[in-house]
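Hi,

Here is the structure I promised to pass on. Have a look, and my notes on what turned up are underneath.

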Amino acid sequence: MALINEFEPASSDVQRIHGPVTCGYRAFTADGRRILQLDTYGSAERAIPNKISQSVQLDAEGARALLNIITETFPDITR
């Protein structure tokens, strides 16, 4: 699990779409900070399907940074 505190552009020659999975989310308060946790679950082909595969957490600062990245990447998305 990781609390994301910074985003930076990354380059890669590999540009492919990964297989679809479900992402669970929950919000909670810890140490006075609001946290959003995203958990991805393993695909049906994994040894233990639906087991949490990765977890990432965002606080308000990380969420703002990600929201900026999302609106730059998908300018047609509106609320």
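β3 and β4 (residues 52-58) run antiparallel and are joined by six bridges; Thr40 sits opposite Gln54 of β4. Strands here are DSSP runs of E, at least two residues long, numbered from the N terminus, and two of them count as paired if DSSP finds at least two bridges between them.

Before I go on: this is a predicted model, where local features need pLDDT of at least 70 and side-chain atom pairs count only at pLDDT 80 or more, while totals for chains, interfaces and linings use all residues. Residues are numbered from 1 along each chain as its sequence is written, and side-chain values use heavy atoms, with hydrogens and water left out.

β3 (residues 33-41) also pairs with β2, antiparallel again, over eight bridges. Gly24 faces Asp39 in β3, and Arg26 has Gln37 as its bridge partner there. Two residues separate the strands in this hairpin, and Asp31 takes a positive phi near 55°.

Put together, you get an open four-stranded sheet in the order β1-β4-β3-β2, with mixed pairing. β1 (2-3) and β2 (23-30) are the edge strands, each pairing on one side only.

As for pockets (open sets of points on a 1 Å grid over the protein atoms alone, where a 1.4 Å probe fits, with protein on both sides within 12 Å along at least five of seven lines), the largest has about 150 Å³ of space, a volume being what probe spheres set on the points fill. Its lining (residues with an atom within 4 Å of a point) is Ala63, Leu66, Leu67, Ile70 and Arg79.

Cheers
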